[in-house]
Amino acid sequence: MDKEKFIISTFANSINGDDGAVINNHCYSKDLFCENVHFKRNWMSLEQIGAKAMLVNISDAIVMNSIPKYALLGLSLPKNLSLQDIKKIQQGLMQEANNFKVQIIGGDTIADDKINISITIISIINQNQKAIYRKGLKKDDLLAFSGKLGDSLKGLKILQRGSKLHSTHRFIRPKLRQDFFYDIAKKINASMDISDGLKKDLSRLLTVNRLNIKFLKKLSFFELNSAEEYEILFAFNKKHKAYIENMAKKHRIKINIFAKTKIGRYIYHGKEHHF
């Protein structure tokens with residue numbers, strides 16, 4: 001058992017184990033955004049660090065079909081950061097919080113030698129709808145992802161060579177698909193965001209549902225392995241294909257239907273991302 005699975009198993013209950021925890025009509029989700037794990041200081045401005053930390057947390061709420069409303073913020077910051085530096089991080093956090101009408105209602109701060117940001121998002125399940133979980137796949141469901149995958153990994157390689165990325169690059173500022181997803185949510189059986197790469201996140205989705213897949217198209221190395229994408233991986237009954245394609249056209253979003261579920265066990269071949 002890998003360490004991530006072990007940690008989850010030690011706290012196992014009927015609520016946890018998804019992108020968020022649903023209690024009544026609320027969804028609670030948390031992600032960490034840590035220096036030298038998710039970013040290096042010379043890769044992004046302080047504003048961009050704050051903005052991305054907020055976006056990757058909001059992403060979890062969206063794929064649960066919930067509307068983010070509030071955030072609790074935990075900051076560990078180096079003592080040598082100036083007040084102006086801290087203000088820049090705050091501006092990035094507030095920019096995306098305001099874009100999604102999220103109110104920061106509290107949190108905690110400590111001194112550390114690196115920038116680490118922990119955010120808890122409190123959301124409300126979409127009115128007159130249900131939360132969407134990772135569990136819910138059915139045999140013969142179609143699997144798809146939104147947008148284009150691969151650019152984040154390509155961007156990472158550019159950064160590792162010492163070059164810079166444009167401020168709109170996906171690695172710097174992920175593009176979330178909330179309007180599209182809320183429109184199709186009533187037709188979706190299971191979903192999650194693609195944060196650790198399609199290959200790894202697909203294994204999580206299939207394992208929890210005890211299903212395998214038949215690929216309908218060949219995917220590239222970058223499509224399968226690019227992490228930090230924050231596109232949406234989702235599954236639906238084939239009878240809803242036309243509806244979902246029409247919604248994608250309405251929102252001018254490309255969708256890629258790449259596989260179909262089948263009975264069997266999916267075996268993941270690759271290294272773990274978290275440990």
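The following legends describe close-up views of a predicted model.

**View 1. The annotated binding site at Asp 19, Ser 29 and Asp 60.** The "binding site" annotation, which comes from an unreviewed UniProt entry, covers these three residues. Asp 19, Ser 29 and Asp 60 span 42 residues in sequence, yet no two of their C-alpha atoms are more than 6.6 Å apart, so the three gather at one spot. Ser 29 belongs to strand β2, whereas Asp 60 belongs to helix α2.

**View 2. Surroundings of Ser 29 in strand β2.** Strand β2 comprises residues 26–34. Ser 29 has a relative accessible area of 3% and is therefore buried, a term applied under 20%. Apart from neighbours within four places in sequence, Ser 29 contacts two other residues of the annotated site, Asp 19 and Asp 60. Its further contacts are with Gly 20, Asn 57, Ala 61, Ile 119, Thr 120 and Ile 121.

**View 3. Surroundings of Asp 60 in helix α2.** Helix α2 runs over residues 46–63. With a relative accessibility of 4%, Asp 60 counts as buried. When neighbours within four places in sequence are set aside, the contacts of Asp 60 are Asp 19, Ser 29, Lys 30, Asp 31 and Asp 193. Among them, Asp 19 and Ser 29 share with Asp 60 the annotation shown in View 1.

**View 4. The annotated pair Asp 31 and Asp 60.** UniProt, again in an unreviewed entry, places a "binding site" feature at Asp 31 and Asp 60. The pair is spread over 30 residues of sequence but clusters in space, with a largest C-alpha distance of 8.5 Å. Asp 31 is located in strand β2, and Asp 60 in helix α2. Asp 31 is partly exposed, at 23% relative accessibility, whereas Asp 60 is buried. Beyond neighbours within four places in sequence, Asp 31 is in contact with its annotated partner Asp 60. Other contacts of Asp 31 are Val 56, Asn 57, Ile 117, Ser 118 and Ile 119.

**View 5. A nonpolar surface patch formed by Phe 6, Ile 7 and Phe 11.** Together, these three residues present about 340 Å² of accessible area. Phe 6 is part of helix α1, which covers residues 3–10.

Definitions and conventions: Residues numbered from 1 in each chain as written. Predicted model: local features only at pLDDT ≥ 70, side-chain atom pairs only at ≥ 80, totals over all residues. Heavy atoms only, no water. UniProt positions renumbered as here; feature names shortened; annotations may be inferred. Helix = DSSP H or I, 4+ residues; strand = E, 2+ residues; numbered from the N terminus. Buried < 20%, exposed > 50% of the residue type's maximum accessible area, 1.4 Å probe, protein only. Contact = heavy atoms within 4.5 Å. Patch = residues over 30% accessible without salt bridge, like charges linked within 9 Å, V, L, I, M, F, W, Y side chains within 5 Å. Areas by Shrake-Rupley, 256 points an atom, 1.4 Å probe, with all protein chains shown as cover. Salt bridge = Lys/Arg side-chain N within 4 Å of Asp/Glu carboxyl O.
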